[in-house]
Amino acid sequence: MMMLETPIVIVNFKTYPEATGENAVKLARLILEAGKDHGVSVAVAPQLADIYRVACRVKIPVLAQHVDPVKPGRNTGWITPESVKAAGAVGTLINHAEHKISIDQIASVVARANEIGLSTVACAADIEESREIAKLGPEMIAVEPPELIGTGVSVSKAKPEVVTRSVGAVKEANSKVKVVCGAGITTGDDVARALELGAEGVLLASGIVCAQDQRAAIVDIIRGMLKG
Ligand code: G3P
C-alpha cells in the first residue's frame, strides 16, 4: 500500500468555492508545484465530486474528505472506500471535526480502508481522542482542537501542549501511527512551530484556500516545513 510521505502538508479543500470544481484543479496544481519546488510532500482533500477530476489531471496524492464503512452493494447514497480509490484517491480523512463519526465507525472505516490499501488520516479533537483512535491503527492522526478551526489562530502557538501531548499519547498507544496537527495554521511560522513540537506535518484549509494570493500562501507554508 502507498503510504503518505512525511513530513507532509495536507490541504483540506472543505466545501470552499475557491477550491471547488475547476478551482480544485487549479489549487491542487499550485500546491503540487510549491511542494515540488521545495522537495516537500503534499496532499489535497477535495470534495467527493472533485476527486476524479483532480486525480486525473494533477499528479498529487488525493484524499477523500470522508468515506462510509459500507461494502459495495445495496447502500444507495453512501460512499464506499472502493469508490474513492477507483476515482484516484490514495487515502481518506476520517472523523473530521465537521463530519464526526463514532469510535466504532472509525474502527470500521480504518479496517475497510486497510483491506483495500487506502491510506487513513483520522482526525481527533484532543489528546484523549488521539490516544483512543491511535489504538485502531490508522496510518496518521491529525489532532485539531475544533475551537481553533478556521480562526487563523494556530494550534501550534495557541495550544502547543495539545500537539506535544497528543504526539506522546499516540506514540505510546501505537508507535507506528504518524501525527500531524491542524486548526488555524496560516503562516510558515505556524508550521515550523508545529514541527518543533513533534508533529510530522500539518493539515490546514482556510489559510491557503481562502487566501487572497493562494500561491504566496502555499509557498509560505511550504517554506515553514523547511525551517521546522
Ligand atoms: O482539516 C483542516 C482544518 O479543519 C483546519 O482548518 O481552516 O483552520 O486550517 P483551518
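The following legends describe close-up views of a predicted model. Local features require pLDDT of at least 70 and side-chain atom pairs pLDDT 80 or more, whereas totals for chains, interfaces and linings use all residues. Residues are numbered from 1 along each chain as its sequence is written, and side-chain values use heavy atoms, with hydrogens and water left out.

**View 1. Residues around the ligand.** The ligand is surrounded by N12, K14, H96, E144, I149, G150, A183, G184, L203, L204, A205 and S206 (a residue is near if one of its heavy atoms lies within 4 Å). By class, this shell holds 5 nonpolar, 5 polar and 2 charged residues; Gly is counted as polar.

**View 2. Polar contacts and cover of the ligand.** Polar contacts are pairs of N or O atoms within 3.5 Å. A polar side-chain atom of S206 lies 2.5 Å from a ligand oxygen atom. Polar backbone atoms also approach ligand oxygen, at 2.7 Å for G150 and at 2.8 Å for A205. Of the 310 Å² of accessible area that the ligand has on its own, the protein covers 100% (Shrake-Rupley method, 1.4 Å probe).

**View 3. The open sheet and its edges.** Eight strands (DSSP E runs of at least two residues) form an open sheet with parallel pairing, in the order β2-β1-β8-β7-β6-β5-β4-β3. Because β2 (41-45) and β3 (63-64) each have a single partner strand, one side of each is left without a neighbour in the sheet. Strand β3 pairs with β4 (residues 91-94) in the parallel sense over 2 bridges (pairing requires at least two DSSP bridges). L63 has G91 of β4 as its bridge partner.

Notes. A polar contact is a pair of N or O atoms within 3.5 Å; within protein, one must be able to donate a hydrogen and the other to accept it, and residues adjacent in sequence count only if both atoms are side-chain atoms. Helices (H or I, at least four residues) and strands (E, at least two) are DSSP runs, numbered from the N terminus.
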